[in-house]
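User: Please take a close look at the salt bridges in this structure, and then follow them to the place where the chains meet. I would like one connected account rather than a list.

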Amino acid sequence: MSSREILADLRALGASSLKEWRIARRYPHEYVSLVFWPLVMPGVFLLQATGFGAGEPRALGAFAARAGTGEVAGFLYLGGIMYLWISILLWGPGTALRREQERGSLEALFLTPASRLVLLFGPAPASLIPTVWVFVVVMLTLRFGFGIPIRPEELLRAGAVVLLAIPALFGTSALFSAAVVRFREIRAGVLMARGLCQLVCGIAFPVAVLPGWAQALAYALPPTHILADLRAVLLTGARLSDLGPSLAVLAAMAVLACVAGAAAFGRTVAAARRTGSLGQF
Amino acid sequence: MAVLKRNLRLLARHPFNMAGLVLMPLYQTLLPSLLLGASFLVGGRALGLGRLAGTVDLAGFLFTGAFVGSLIGGTFLGTWVSLSSDINTGTLVTSWLSPARRSAIALGDALAGLIISGTAGLILLGVGELAFGARLAGTAVLALPALLICLVALAGLAQLVAAFVLRVREAGAAVDVASYLAVAASCVLFPLAALPGALQPAALALPTTYALDLLRVAALGTSPHLPIGWEYVGLVATTVAMVTLGWLAFAGTERWLRRSGSIGLH
């Protein structure tokens, strides 16, 4: 691939992301829901935790031992960020290709000289805008609503974890996108994928309470590591050097997920070319 | 009755939707809640829950909540799905031109939603008993009068939701939020004492809060929020208020639609 082609693909990637952002900004009310859900959904789990803990020192101690932190609000609200990030990715870039297929514009995109990887990964960067919004809402809530001290260096470490998390989650969403185009089912796919993450990634409870086989499944998924690392740097003051093995696993997962997503999409496209089903829905 | 039969027939054509009504609350809410509760267990016992709610049966507490939560969710979403489907397919005008009263049509939708979600709720209770160790006493049937009164309240709520959907039309997000808040405020997932003091009166303004509390008292032996007699007074008073509000809202919306001629718009 020549440098000219690479530059052309980068321009196409930028155009694809810009398109997604332009569509998203036509619906500003979505940002109202992105204030409501990050606050209320973990808030309900927090009320549950208040009910289950009820100020009973042994119960609170049991939670802290299993979760690695006694900061229940921080634990649940950071879990809420992960849940919403996954939702944004699945409903956005994860289903973008399928929505193009439903609109009948996927074939036109395939006729452009842009690389297939641009089609697969192009919609993903625009999803960072609502994700950052959710992060800001939750960080402000934790700092000023719950009085959890979050120091600037802890925020920077969290930013480093997020930067490493981005390719891992983009790769996962690309894999999901390829599956959605193959099986032509958006809603059921999103609900299943999101449900799986909700059940095993430690979003609303410590992974330690899961049975062994479920813990193994949990640690095979990038969101589990991302969430554990975010909680470690923001709630327990862990340094990045303390998280070395976990971050290395995350980096490896990023590479694997991106390669797997590209490979799956390639197979889907090849099958669609053989059967002529690219435009079917 | 015809509306009720139609909605039930439509559901029968999509059996996976019924499975979804059971599976979604299970993996979206119940399982995470059970696992969150498990993280507070001391020697396998829910000491904190026992202190606040008067029972250490975590599964029983959550699955009884899920039963009433299903009824609430079914009321909101069933009404919205049915009405928005009629609006989008253009059949609302035809229905309203029939000699049937419009409030009867809305009531038919509400009853269908309640039967469907009630069945899903009962299945969830069964799952809770068989698979998750919930121990619901046979005395749970003593809560039947409370649940029947609650159904009347939910029919009133359905009229309120129908009025809102007819006015707003693109009401999906708002109905979703309202349903979530109503389920949360009814103490489906946590004891009333876990709510901040300022929010407890809001919970006590809902008939579903009283009905669920009476169900838990009967099934699990929990401590009631108020003396039982006052719980029934609260339940009946809030039910009357809900039915009245629903009837007024629907009648007002019907008048507004007729004057503005906007029944066919979507």
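Analyst: In this predicted model, a network of salt bridges links Lys19(A), Glu20(A), Glu100(A) and Arg103(A). Within that network, the side chains of Lys19(A) and Glu20(A) pair with a nitrogen-to-oxygen distance of 3.0 Å. The two partners differ in their surroundings: Lys19(A) is partly exposed, with a relative accessible area of 29%, whereas Glu20(A) counts as buried at 13% relative accessibility, because the limit for a buried residue is under 20%.

Another salt bridge of chain A joins Glu154(A) to Arg151(A), and their closest N and O atoms are 3.4 Å apart. Here too the acidic residue is buried, since Glu154(A) has a relative accessible area of 6%, while Arg151(A), at 42%, is partly exposed. Over all chains, the search of the whole structure finds eight salt bridges.

One salt bridge is found across the interface of chain B and chain A. It is formed by the side chains of Glu56(A) and Arg51(B), with 3.5 Å from N to O. On one side of this pair, Glu56(A) lies in the loop between helix H2 (29-53) and helix H3 (57-67) of chain A, and on the other, Arg51(B) belongs to helix H3 of chain B. Glu56(A) is buried, with a relative accessible area of 10%. In general terms, side chains of opposite charge can pair when their charged atoms come close.

Around this bridge, the interface brings 32 residues of chain B into contact with 33 residues of chain A. The area buried between the two chains is about 2900 Å², and carbon and sulfur atoms give 73% of it. On the side of chain B, Leu36(B), Phe40(B) and Tyr180(B) lose the most area to chain A, together accounting for 24% of what that side buries.

Polar pairing is also present, with nine residue pairs in polar contact between chain B and chain A, counting pairs in which both residues are at pLDDT 80 or more. The elements of chain B that give two or more residues to the side touching chain A are helix H2 (15-38), helix H3 (47-53), helix H4 (58-89) and helix H8 (172-185). Of these, H2(B) provides the largest share, 10 residues. By class, the side of chain B that touches chain A has 25 nonpolar, five polar and two charged residues.

How values were computed
Residues numbered from 1 in each chain as written. Chains lettered and ligands numbered in written order. Predicted model: local features only at pLDDT ≥ 70, side-chain atom pairs only at ≥ 80, totals over all residues. Heavy atoms only, no water. Contact = heavy atoms within 4.5 Å. Buried area = accessible area lost by both parts, 1.4 Å probe. Salt bridge = Lys/Arg side-chain N within 4 Å of Asp/Glu carboxyl O. Polar contact = N/O pair within 3.5 Å; in protein donor to acceptor, adjacent residues only side chain to side chain. Helix = DSSP H or I, 4+ residues; strand = E, 2+ residues; numbered from the N terminus. Nonpolar A, V, L, I, M, F, W, Y, C, P; charged D, E, K, R; others polar. Buried < 20%, exposed > 50% of the residue type's maximum accessible area, 1.4 Å probe, protein only.
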